[in-house]
Each structure stands twice: as structure tokens, then as C-alpha cells.
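Reader: I'm new to this one, so could you take me through a single part of it up close? I'd like to see how the ligand is held.

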Amino acid sequence: MNLPDQVGRDVVVIGGCGHVGLPLALAFADRGARVAIYDLSEAAVALVNSGRMPFAEPGAGEVLGRVLGAGRLVASADPAIVGTAEHVVVVIGTPVDEHLNPDQTAIPKALGGCVRYLHNGQLLVLRSTVFPGVTALVEKMVAGLGLEIEVAFCPERIAEGKAMTELFELPQIISARSAAGVQRASALFGRLTGKLVVMSPEEAELAKLFTNVWRYIKFATANQLYMMANERGLDFERIRVGLTEDYPRAADMPAAGFAAGPCLFKDTMQLAAYNDGNFPLGHSAMAVNEGLPLYVMHRLEQRFKLESMTVGILGMAFKAGSDDIRSSLSYKLKRILEFKAGAVLCTDPYVTADPHLLPLDEVIARSDLLVVGAPHPDYQGLVTGKPAADIWGVLGYGVRI
Ligand SMILES: NC(=O)c1ccc[n+]([C@@H]2O[C@H](COP(=O)([O-])OP(=O)(O)OC[C@H]3O[C@@H](n4cnc5c(N)ncnc54)[C@H](O)[C@@H]3O)[C@@H](O)[C@H]2O)c1
């Protein structure tokens, strides 16, 4: 298929200023591709074009400077840019709503905003985590427009904070309905790695959800075992470290801690909705993981007169070393404590999105009790002289609460 003359780029990433889209755009550009970003956020587009990352991602800032300097990356909030590349990769957010329902129309709606710039011969790659069946829905949409465009689904599996290494190291899952679609998507992602795993679109949609759900359930298992040990005055981390030592069959048992962030919980709810709400393991995992901040609060209530105390939360990001507060359980803990404690103060060395955060020294000085919300490396071995609840054991006094 001959592409129109205006197609001078290799890839355009829709949602390309986001946590997943930007590292992907940078990775393609760093491997020599001519890349465009289309993103609704004008603020993020301006930041990217000026060489600044809209969020923290180790190693990404350096690559951004390099590919901008080489003229291989440009970002725009104008949908017309979608017409300028052979491969169109969609990586917009796919959250569940406030009632935990997935939105099957998120991707078709996003494509609706730039559909007039799509043209015959492009390869449309869905990279967001989608509700199963969305790839088929998009295929139907494209066919209904009378466009000859191959559709592929190639899910993103990086973890935030590791994007710039994992994009080149993890196998890429490739799926498309036709052999030509598989071949073209393989050639695109073959720019990043030689490790490609080919599936059908329906298999790949489930593969992505199963990946996240598996991890979420593993965290829930560790969290429930933590609570069990803690109730008996035992240190779960000492038990976990002991039982996993040179014992490969339990080597993947995670430490306890808040299992939060923009993906694991919502993808577990997507899979539950897909299975008509019949997902006892997923719902149990949700109850355990989302219940952990409540458990922490109940334990603290038993030991302290919270109503007359100032409680300081150390770490508001959803995980260690991150500036991302999306679906962070530290904020759930904060909300619960605000009902129970005299006052709640919060700090985080990475988070810039919350104007209410205070410096660490001030939070320590003004608090009667501390709770670790995210085990940032900065807190390793921190001596505070204050009682502290620390599920991760980052302060070095064990994990019992
Ligand atoms: N964050 C992760 O660690 C991670 C890992 C693997 C997969 N995923 C999946 O990747 C997808 C994106 O997640 P994210 O964390 O990067 O989200 P994000 O919110 O950080 O990024 C989404 C970007 O898309 C832009 N956008 C939204 N609607 C748009 C539209 N209609 N047109 C153009 N741009 C639009 C936003 O402005 C934003 O910059 C989700 O499906 C998520 O489940 C995320």
C-alpha cells in the first residue's frame, strides 16, 4: 500500500506525553525512528518540546534532550499530526470510573478526535490496557470508516521507573488479525527488542490483564499474611526473608505494603467486569489491598490516642522512588486519619503535584507519630526519635505495627 506524500514520520504516539506514551516515543526515536507525539495536554506538549519531562522517569530526560537535538521527536496538541506517520500508536489512559466500571469506548472516543487524519495504509497499534473486545471494536470502527488500516494490539508491560530499560529488555507481545498486521507490528517493535511473542488479539488482551491481576493477587496474599503475622506480634518480613532464602519455589513472594497506582487495581476491576462480576479472587485481593490502610489505622488506634496526636505520613507517591500519586493508598490513609487523628501532615521528596506537602524535617518535628506511606530510598535508616508504623521496614525497626 502506498502512503500519501505527507507521511514523513515512522511513528505517531497518541497520548504520547503520558507515563507510558512518552517513554515509548523516546525509545523509538532513540532507535532512529522519526517520531511525533499527539497529546491533548498542551502543557505537557510544551514541556516535552522544551526538553523537560512532565514527570520523573529515570533516564528519560537524557534521551529526550538527545532525540530533540537530533530532530527525531516533536510533540503537538494538533490532531493533524496523526496523519504524518506510518504507524499510529494509541496509549491514552483507560481508567475505570467511580463505580469501578471500565469504559470500553475510551479508545474509540480518543480516535474519534483525530479520525479525519487517519488514512489508508497506516498501521494502528493499540498500546493501552484495554477491556477485552476493544481491539475488535476498533477494527469495526476503522472498517466502518471505509479505511484500509491494519489494527494491532501490542500491550505495554513496563513498570514506571524502569521504562527506559524495560522497553528494550522485555519481550513485546504482538497481536493482529492478519499476517500482514502481525508482520508490520513485529517490524515496529523489533526496533526495540528481538524478543517478540505473537498471539491473537483476544489472547493478548487477556494476557495483559492477567499479568497485572497476577501481580495484584500476589501483593494481596503477602498483605494478608502480613496482617496474620502482625496480629500475633510477629514480624512478617523476618518470616518472608527466612522462608524465601535459597528456596526458589517461594522466591516470588513479595514484601507487604500498599499495592496501589494507576494499573493493578483498575485492571483487576476490568477483568472482574469482563467476567460479569464473577471474580472472587480479584475481589478478595481488592478487599485486602484496599483494606490495608484501614488495618494500619485500626492498629494505631489500639496503641495510641490518635484524636490528640499529630500524625505524619512519610511518602505520598504510590510506590518507592516515584512522583506519581495516582491511586496512591497514602492518600486513602490520609483521608482516614483526618477523621481519627488531631492533625495529619504529609511529606514526599518526589511529589510535586500536591501543594499541601511539607518538608520532611518539619513533618518529623511537628508529628507525635509517623506512618511510612511509600518506602522511598530517602527514608532508609532515617532516625526520627518518634514512634513509627512502617510496613516495609524501611526505617530499620521491623515491620510490626
Ligand atoms: N502507568 C503504567 O505504569 C502503565 C504500565 C503499563 C500499561 N499502562 C497502560 O497504559 C495506558 C496509559 O497509561 P498512562 O499511565 O501512561 O496514562 P497517563 O494518564 O499518564 O497518559 C495518558 C496521556 O494521554 C493523553 N490523552 C488522553 N486522552 C487523549 C486523547 N483523546 N488524545 C490525545 N491524548 C490524550 C493525556 O493527556 C496523557 O498525557 C493505560 O491504558 C494504562 O493502563 C500503564
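Author: Start with Asp-39: in this predicted model, an N or O atom of the Asp-39 side chain sits 2.6 Å from an oxygen atom of the ligand. His-19 makes a contact of that kind too, with an N or O atom in its side chain 2.6 Å from a ligand oxygen. Move along to Val-20 and it's the backbone that takes part: a polar backbone atom of Val-20 lies 2.9 Å from an oxygen atom of the ligand. As for how covered the ligand ends up, on its own it has 830 Å² of accessible area, and the protein covers 84% of that.

Now step back to the whole shell. There are 24 residues around the ligand, and the closest are His-19, Asp-39, Thr-94, Glu-160 and Lys-266. Sorted by class, that shell is a mix: ten residues are nonpolar, eight are polar and six are charged.

Thr-94 is worth following a bit further. Besides being among the residues closest to the ligand, Thr-94 helps line the largest cavity, along with others including Pro-95, Asp-103, Phe-131 and Gln-270. That cavity holds about 60 Å³ of space, and its lining breaks down into seven nonpolar residues, four polar ones and one charged one.

If you go looking for more enclosed spaces, the count is two cavities of 30 Å³ or more. The second largest holds about 30 Å³. Arg-127, Glu-156, Arg-157 and Leu-170 are among the residues lining it, and by class that lining has five nonpolar, one polar and three charged residues.

Terms used. Residues are numbered from 1 along each chain as its sequence is written. This is a predicted model: local features need pLDDT of at least 70, side-chain atom pairs count only at pLDDT 80 or more; totals for chains, interfaces and linings use all residues. Side-chain values use heavy atoms; hydrogens and water are left out. On a 1 Å grid over the protein atoms alone, a cavity is a set of points where a 1.4 Å probe fits but cannot get out, and a pocket is an open set with protein on both sides within 12 Å along at least five of seven lines; lining residues have an atom within 4 Å of a point. Grid points are joined across faces, edges and corners, and a volume is the space filled by probe spheres set on the points. Ala, Val, Leu, Ile, Met, Phe, Trp, Tyr, Cys and Pro count as nonpolar, Asp, Glu, Lys and Arg as charged, and the others, Gly among them, as polar. A residue is near a molecule or strand if one of its heavy atoms lies within 4 Å of it. A polar contact is a pair of N or O atoms within 3.5 Å; within protein, one must be able to donate a hydrogen and the other to accept it, and residues adjacent in sequence count only if both atoms are side-chain atoms. Accessible areas come from the Shrake-Rupley method with a 1.4 Å probe; for residues, only the protein chains shown count as cover.
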